[in-house]
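Here are some exercises to try with the structure open beside you. Have a go at each task before you read its solution.

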Amino acid sequence: QVQLEESGGGLVQTGGSLRLSCAASGRFFRINDMNWSRQAPGKERELVASISNDGSTNYADSVKGRFTISRDNAKNTVYLQMNSLKPADTAVYYCYADIRTTETYGRNYWGKGTLVTVSS
């Protein structure tokens, strides 16, 4: 059974930094894109950053220049380094990944989320 588990959330002051991690476990053939999304209270979930398995990245405009997504394919792990945090970054952060359980079949798998709170 494929699982994604996030870690690294917590409480930080404005301007501070946090590093989120998300590790995939279980049996699978390949991991394609890995992503971080977030959902703030009362708001819709939004995509924050994506990284392909060749390292290409994309970011939401709201986090460009402050957040960095990276991955370690040997560890099946994706990271989100968050710097210069703002209260507007407060949200539950979820990782999800396109995971192939066979050569031809796969789907998105989601983690349960980790809470990031930025105090003013």
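## Exercise 1: The largest pocket

Keep in mind throughout that this is a predicted model.

Task: Find the residues that line the largest pocket, sort them by class, and say which strand gives the largest share.

Step 1. Start by picking out the lining: V2, Q3, L4, E5, E6, A23, S25, Y109, W110, G111, K112 and G113.

Step 2. Now sort these residues by class. Five are nonpolar, four are polar and three are charged.

Step 3. Next, look at where they sit. Two or more lining residues come from each of β1 (3-7), β3 and β10 (106-110). The largest share belongs to β1, with four residues.

Step 4. Finally, add the volume: the pocket holds about 210 Å³ of space.

## Exercise 2: The second largest pocket

Task: Work out how the lining of the second largest pocket divides into nonpolar, polar and charged residues.

Step 1. Mark the lining residues on your view: R38, Q39, A40, K43, E44, E46, S62, R66, K86, A88, D89 and A91.

Step 2. Sort them as before. You should arrive at three nonpolar, two polar and seven charged residues.

Step 3. Note the volume as well, about 170 Å³ for this second largest pocket.

## Exercise 3: The nonpolar core

Task: Name the residues that touch the most other members of the largest nonpolar core, then find the strand that gives the most to this core.

Step 1. The largest nonpolar core has 30 residues, and W36, L80, M82 and Y93 touch the most other members.

Step 2. Trace the elements that supply two or more residues to this core: β3 (18-25), β4 (30-39), β5 (46-51), β7 (67-72), β8 (77-82), β9 (91-100) and β11 (114-119). Of the contributors, β9 gives the most, with five residues.

Step 3. Zoom in on M82. Leaving out residues up to four places away in sequence, M82 touches G16, S17, L18, L20, R66, F67, Y93 and V116.

## Exercise 4: Buried or partly exposed?

Task: Decide whether S37, D98, N76 and S84 are each buried or partly exposed.

Step 1. Recall the cut-offs: buried means under 20% relative accessible area, exposed means over 50%, and partly exposed lies in between.

Step 2. Take S37, in strand β4. Its relative accessible area is 2%, so S37 is buried. Beyond its neighbours within four places in sequence, S37 is in contact with residues including R45, L47, Y94 and W110. For a distance to check, the C-alpha atoms of S37 and T14 are separated by 20 Å, and the two residues lie 23 apart along the chain.

Step 3. Move to D98, in strand β9. At 18% relative accessibility, D98 is under the cut-off and therefore counts as buried. The D98 side chain makes a polar contact with the side chain of R100, at 2.8 Å. Setting aside residues up to four places away in sequence, D98 touches R30, I31, N32, D33, R107 and N108.

Step 4. Now try N76, in the loop between β7 and β8. Its relative accessibility is 24%, so N76 counts as partly exposed. N76 also has a positive phi of about 55°, although it is not a glycine.

Step 5. End with S84, in the loop between β8 and β9. At 41% relative accessibility, S84 counts as partly exposed. S84 has a positive phi of about 50° and is not a glycine.

Definitions and conventions:
Residues numbered from 1 in each chain as written. Predicted model: local features only at pLDDT ≥ 70, side-chain atom pairs only at ≥ 80, totals over all residues. Heavy atoms only, no water. Core = buried A, V, L, I, M, F, W, Y, C linked by side-chain atoms within 4.5 Å. Buried < 20%, exposed > 50% of the residue type's maximum accessible area, 1.4 Å probe, protein only. Contact = heavy atoms within 4.5 Å. 1 Å grid on protein atoms, 1.4 Å probe; cavity = no way out; pocket = protein on both sides within 12 Å on 5 of 7 lines; lining within 4 Å. Points joined across faces, edges and corners; volume = space filled by probe spheres on them. Nonpolar A, V, L, I, M, F, W, Y, C, P; charged D, E, K, R; others polar. Polar contact = N/O pair within 3.5 Å; in protein donor to acceptor, adjacent residues only side chain to side chain.
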